[in-house]
Amino acid sequence: MAFLFFAFMPFYVYIIQSEMDGSFYKGFTEEPAIRLNRHNNGETLSTRFKRPWHFVYMEQLPSKREALVRERGIKKYSREQITQLVHSSKNTLDR
(Lines give C-alpha, C1' and ligand atoms only; values in the text may rest on other atoms or scores of the structure.)
Protein backbone atom coordinates (compact mmCIF):
# COMPACT_ATOMS: atom_id res chain seq x y z
CA MET A 1 0.00 0.00 0.00
CA ALA A 2 1.50 3.32 -1.06
CA PHE A 3 0.82 6.57 0.71
CA LEU A 4 1.26 9.93 -0.91
CA PHE A 5 2.56 12.61 1.38
CA PHE A 6 2.02 16.23 0.51
CA ALA A 7 3.77 18.70 2.74
CA PHE A 8 1.59 21.61 3.73
CA MET A 9 3.58 24.77 3.29
CA PRO A 10 1.56 27.76 4.46
CA PHE A 11 1.99 31.23 3.06
CA TYR A 12 2.15 34.40 5.09
CA VAL A 13 0.99 37.91 4.39
CA TYR A 14 3.09 40.33 6.38
CA ILE A 15 3.52 44.01 7.10
CA ILE A 16 6.88 45.38 8.12
CA GLN A 17 7.56 48.85 9.45
CA SER A 18 10.62 50.95 8.89
CA GLU A 19 12.42 51.99 12.05
CA MET A 20 13.80 54.92 10.06
CA ASP A 21 10.57 56.70 9.11
CA GLY A 22 7.64 54.53 10.28
CA SER A 23 6.52 53.63 6.75
CA PHE A 24 4.98 50.25 6.00
CA TYR A 25 5.74 47.58 3.41
CA LYS A 26 3.25 44.81 2.65
CA GLY A 27 4.16 41.45 1.16
CA PHE A 28 3.77 37.68 1.23
CA THR A 29 6.20 34.81 1.65
CA GLU A 30 6.59 31.17 2.62
CA GLU A 31 9.51 31.94 4.96
CA PRO A 32 8.98 35.11 7.00
CA ALA A 33 12.32 35.16 8.85
CA ILE A 34 14.32 34.74 5.64
CA ARG A 35 12.23 37.39 3.89
CA LEU A 36 12.77 39.91 6.71
CA ASN A 37 16.52 39.26 6.55
CA ARG A 38 16.45 40.02 2.83
CA HIS A 39 14.68 43.32 3.49
CA ASN A 40 17.20 44.23 6.19
CA ASN A 41 20.21 43.14 4.11
CA GLY A 42 19.20 45.50 1.30
CA GLU A 43 18.28 42.72 -1.13
CA THR A 44 14.86 44.26 -1.88
CA LEU A 45 15.11 47.44 -3.92
CA SER A 46 11.88 48.97 -2.64
CA THR A 47 12.90 48.65 1.04
CA ARG A 48 16.67 49.10 0.76
CA PHE A 49 16.82 52.75 1.81
CA LYS A 50 14.53 52.61 4.84
CA ARG A 51 16.29 49.93 6.89
CA PRO A 52 16.00 48.49 9.47
CA TRP A 53 12.56 46.89 9.27
CA HIS A 54 10.57 44.84 11.79
CA PHE A 55 7.39 42.80 11.59
CA VAL A 56 4.20 44.44 12.84
CA TYR A 57 1.68 42.06 11.24
CA MET A 58 1.56 38.43 10.14
CA GLU A 59 -1.33 36.36 8.82
CA GLN A 60 -1.09 32.71 7.75
CA LEU A 61 -2.98 31.52 4.68
CA PRO A 62 -3.27 27.99 3.28
CA SER A 63 -2.36 28.74 -0.35
CA LYS A 64 -0.27 31.05 -2.49
CA ARG A 65 -3.36 32.22 -4.32
CA GLU A 66 -5.14 33.20 -1.10
CA ALA A 67 -2.01 35.00 0.10
CA LEU A 68 -1.72 36.96 -3.15
CA VAL A 69 -5.37 37.99 -3.02
CA ARG A 70 -5.05 39.05 0.62
CA GLU A 71 -1.83 40.96 -0.05
CA ARG A 72 -3.45 42.87 -2.94
CA GLY A 73 -6.29 43.87 -0.66
CA ILE A 74 -4.00 45.02 2.15
CA LYS A 75 -1.89 47.08 -0.28
CA LYS A 76 -4.96 49.28 -0.81
CA TYR A 77 -5.37 50.00 2.92
CA SER A 78 -4.91 53.46 4.36
CA ARG A 79 -2.44 54.01 7.20
CA GLU A 80 -5.38 54.03 9.63
CA GLN A 81 -6.66 50.69 8.30
CA ILE A 82 -3.16 49.19 8.59
CA THR A 83 -2.93 50.36 12.21
CA GLN A 84 -6.31 48.74 12.93
CA LEU A 85 -5.18 45.51 11.25
CA VAL A 86 -1.95 45.44 13.27
CA HIS A 87 -4.01 45.57 16.48
CA SER A 88 -6.65 43.09 15.28
CA SER A 89 -7.14 39.46 16.21
CA LYS A 90 -6.01 38.46 12.68
CA ASN A 91 -2.45 39.39 13.62
CA THR A 92 -0.67 36.15 14.58
CA LEU A 93 2.48 37.84 15.90
CA ASP A 94 3.12 37.41 19.60
CA ARG A 95 2.56 40.77 21.18
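Start with the whole surface switched on: the protein chain exposes about 6,500 Å², and carbon and sulfur atoms supply 54% of that area. Keep in mind that this is a predicted model.

Now swap the surface for a C-alpha trace and turn it around. Along its principal axes the trace spans about 60 × 30 × 25 Å. The chain has 95 residues, and 40% of them count as buried.

**Cartoon view**

Switch to cartoon. You should be able to pick out 3 helices and 3 strands. Follow the chain along its sequence and you'll meet them in the pattern β-β-α-β-α-α. While you're here, think about contacts between residues with a separation of 6 or more: 59% of them join residues 24 or more positions apart.

**Into the core**

Next, select Phe11, Val13, Ile15, Phe24, Val56, Tyr57, Leu61, Ala67, Ile74, Ile82, Leu85 and Val86 and show their side chains. These 12 residues are the largest nonpolar core. Which elements give two or more residues to this core? They are strand 1 (11–18), strand 3 (53–61), helix 2 (64–75) and helix 3 (79–86). Apart from this core lies another one, of 8 residues, including Ile16, Leu36, Phe55 and Met58.

Go back to the largest core and center on Phe24, one of its residues. Leaving out residues up to four places away in sequence, Phe24 touches Ile15, Ile16, Gln17, Trp53, Val56, Arg79 and Ile82.

**Gln17**

From Phe24, hop over to Gln17, which sits in strand 1. Is Gln17 buried or exposed? Gln17 has a relative accessible area of 19%, so it counts as buried, the limit being under 20%. Setting aside its neighbours within four places in sequence, Gln17 is in contact with Gly22, Ser23, Phe24, Pro52, Trp53, His54, Val56 and Arg79. Zoom in on the side chain of Gln17: one of its polar atoms lies 3.0 Å from the backbone oxygen of Gly22. Then try a distance label between the C-alpha atoms of Gln17 and Trp53. These two are 36 residues apart in sequence and 5.4 Å apart in space.

**A cis bond in the loop**

Pro52 was on that contact list for Gln17, and it's a good next click. Pro52 is in the loop between helix 1 (32–40) and strand 3. Look at the peptide bond from Arg51 to Pro52: it is cis, with omega near 0°.

Stay in this loop between helix 1 and strand 3 and select Arg48. With 30% relative accessibility, Arg48 counts as partly exposed. The side chain of Arg48 reaches the backbone oxygen of Gly42 at 2.8 Å. Beyond its neighbours within four places in sequence, Arg48 is in contact with Gly42 and Glu43. Now label the C-alpha distance from Arg48 to Tyr12: here a gap of 36 residues in sequence goes with 21 Å in space.

**Arg70**

Move on to Arg70, in helix 2. Why does Arg70 count as buried? Its relative accessible area is 17%, and buried means under 20%, so Arg70 qualifies. Show the side chains of Arg70 and Glu59 together, and you'll find a polar contact between them at 2.9 Å. Residues that Arg70 touches, beyond four places away in sequence, are Val13, Tyr57, Glu59, Leu61, Tyr77, Leu85 and Lys90.

**Last stop**

Zoom out and color by charge. There are 15 positive and 10 negative charges, and their mean positions are 6 Å apart.

Terms used
Residues numbered from 1 in each chain as written. Predicted model: local features only at pLDDT ≥ 70, side-chain atom pairs only at ≥ 80, totals over all residues. Heavy atoms only, no water. Core = buried A, V, L, I, M, F, W, Y, C linked by side-chain atoms within 4.5 Å. Buried < 20%, exposed > 50% of the residue type's maximum accessible area, 1.4 Å probe, protein only. Helix = DSSP H or I, 4+ residues; strand = E, 2+ residues; numbered from the N terminus. Contact = heavy atoms within 4.5 Å. Areas by Shrake-Rupley, 256 points an atom, 1.4 Å probe, with all protein chains shown as cover. Lys, Arg positive; Asp, Glu negative; His and termini not counted. Charge placed at Lys NZ, Arg CZ, Asp CG, Glu CD. Polar contact = N/O pair within 3.5 Å; in protein donor to acceptor, adjacent residues only side chain to side chain.
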